[in-house]
Amino acid sequence: MKKVFITGGSSGIGLAIAQSLIARGDEVWGTSRNLIRLEHLQKVHPVRLDLSDSRSIDEAFKGALANAGYFDVVINNAGSGHFGVAEHLSDAVIESQFQILVFGHLQLTRLAIAAMRARGRGLIINVTSLASRLPVPFMAAYNAAKAAMAAYTMSMQLELPDSNVRIVDLQPADILTSFNDAVPKREEHDPRYKERVAKTWAAVDRNMKNAPPPDLVAKRALELIDSLNPPPRITVGDPFQSKVAPFIFRFLPQRVRVWGLKMYYGI
């Protein structure tokens with residue numbers, strides 16, 4: 001039995017992972033900003049955590065750790081998005097994306113490493129996004145934050161002296177969740193962007209509806225947890241997004257990459 005701490009355990013990918021872990025007998029501490037959202041999850045230890053609040057992060061993890069005794073696995077999964085023209089994004093939106101997607105989870109990562117080092121072993125899974133490598137138009141702050149988290153994860157992989165404390169970058173492509181429903185969409189008044197924004201959102205929404213379910217990510221996450229030597233990075237999603245496109249992009253000049261993504265989103 002594994003003891004697992006997972007952020008964003010009340011919906012989407014986090015919920016699928018939590019349910020899969022519980023179904024096989026693992027013990028899960030799941031977090032949410034609102035504990036009411038965790039009430040339907042039987043056998044999950046509910047933890048209130050607000051990634052925008054440093055004190056909340058510290059208290060949530062340390063409280064859960066005291067309750068659990070130790071964690072075999074910590075999964076940094078919770079997140080949020082936005083949709084709007086990069087040129088017009090406010091400082092508040094950009095700061096919020098980086099706080100939730102980068103700074104909050106890095107704080108948890110540091111706490112997890114300290115706890116795992118004391119035991120001599122452990123696994124941290126940072127759920128970033130394929131958007132860190134293949135950016136989605138009009139989600140610039142989200143793309144940049146996920147890329148920052150991916151780069152920071154790789155840096156820690158290079159630096160960690162204890163090979164028994166491992167960190168994995170799990171990069172989902174489009175996955176069928178309610179993520180798009182929760183994304184704040186800025187009303188676009190700039191006529192230069194209006195048509196491009198509409199076309200991109202149509203493509204984003206279509207891709208989401210045709211994407212594989214979060215159970216696919218849960219399956220891969222459990223494989224990572226069970227592996228004696230997990231890979232430093234994996235991608236999960238439909239074959240084109242998660243395998244073909246990243247492979248092709250490795251060999252293309254930036255000009256062609258930008259052109260290809262514009263064609264993909266119809267802009």
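Where is Phe138 found? In this predicted model, Phe138 sits in the loop between S5 and helix H4 (140-159).

## Two residues with positive phi

Although Phe138 is not a glycine, its phi is positive, at about 65°. Phe138 has a relative accessible area of 12%, and because buried means under 20%, this residue counts as buried.

Lys43 also has a positive phi, of about 75°, and is likewise not a glycine. Lys43 belongs to the loop between S2 and S3, and with a relative accessible area of 69% this residue is exposed, since the cut-off for that word is over 50%.

## The sheet

Seven strands make up an open sheet, in which the order is S3-S2-S1-S4-S5-S6-S7 and the pairing is parallel. At the edges stand strand S3 (44-48) and strand S7 (233-236), each of which pairs on one side only. From one strand to the next, the twist averages 20°.

Strand S1 can be followed to its partners on either hand, as the order of the sheet places S1 between S2 and S4. Four bridges join S1 to S2, and these two strands run parallel; within this pairing, Lys3 stands opposite Glu27 in S2. With strand S4 (residues 73-76), S1 pairs in the parallel sense over three bridges, and here Phe5 stands opposite Val74 in S4. Strand S2 (residues 27-32) is largely enclosed by the rest of the structure, because five of its six residues are buried.

## Thr7, just after strand S1

Is Thr7 buried or exposed? Thr7 lies in the loop between strand S1 (3-6) and helix H1 (12-23), and its relative accessibility is 0%, so this residue counts as buried.

The side chain of Thr7 takes part in polar pairs with two other residues. A polar atom of this side chain lies 2.8 Å from the backbone nitrogen of Ala78, while a polar contact of 3.0 Å joins the side chains of Thr7 and His105. When residues up to four places away in sequence are not counted, Thr7 touches Thr31, Ile75, Asn76, Asn77, Ala78, His105 and Leu108. Both polar partners, Ala78 and His105, therefore appear in this list of touching residues.

## Helices and their surroundings

How do two packed helices come to be described? The angle between their axes and the distance between the axes serve this purpose. For helix H6 (residues 194-209) and helix H9 (residues 254-265), the axes come within 8 Å and cross at roughly 75°. This crossing makes H6 roughly perpendicular to H9, because angles of 65 to 115 degrees are given that description. On the side of H6, the contact is made by Arg196, Lys199, Thr200, Ala203, Val204 and Asn207, and on the side of H9 by Lys262, Tyr264 and Tyr265. Sorted by character, the residues of this contact of H6 with H9 divide into four nonpolar, two polar and three charged.

Helix H7 (residues 215-226) has the sheet as its neighbour: H7 lies across S4, strand S5 (122-127), strand S6 (165-172) and S7, and runs at about 160° to S7.

Helix H3 (residues 91-119) holds Val93, which is partly exposed, with a relative accessible area of 29%. Val93 and Tyr142 are 49 residues apart in sequence, and their C-alpha atoms are 9.7 Å apart in space.

Definitions and conventions
Residues numbered from 1 in each chain as written. Predicted model: local features only at pLDDT ≥ 70, side-chain atom pairs only at ≥ 80, totals over all residues. Heavy atoms only, no water. Axes fitted to C-alpha atoms, helices over the stretch in contact; angles between N-to-C directions. Parallel < 35°, antiparallel > 145°, perpendicular 65-115°, else oblique. Contact = heavy atoms within 4.5 Å. Nonpolar A, V, L, I, M, F, W, Y, C, P; charged D, E, K, R; others polar. Buried < 20%, exposed > 50% of the residue type's maximum accessible area, 1.4 Å probe, protein only. Polar contact = N/O pair within 3.5 Å; in protein donor to acceptor, adjacent residues only side chain to side chain. Pairing = 2+ DSSP bridges.
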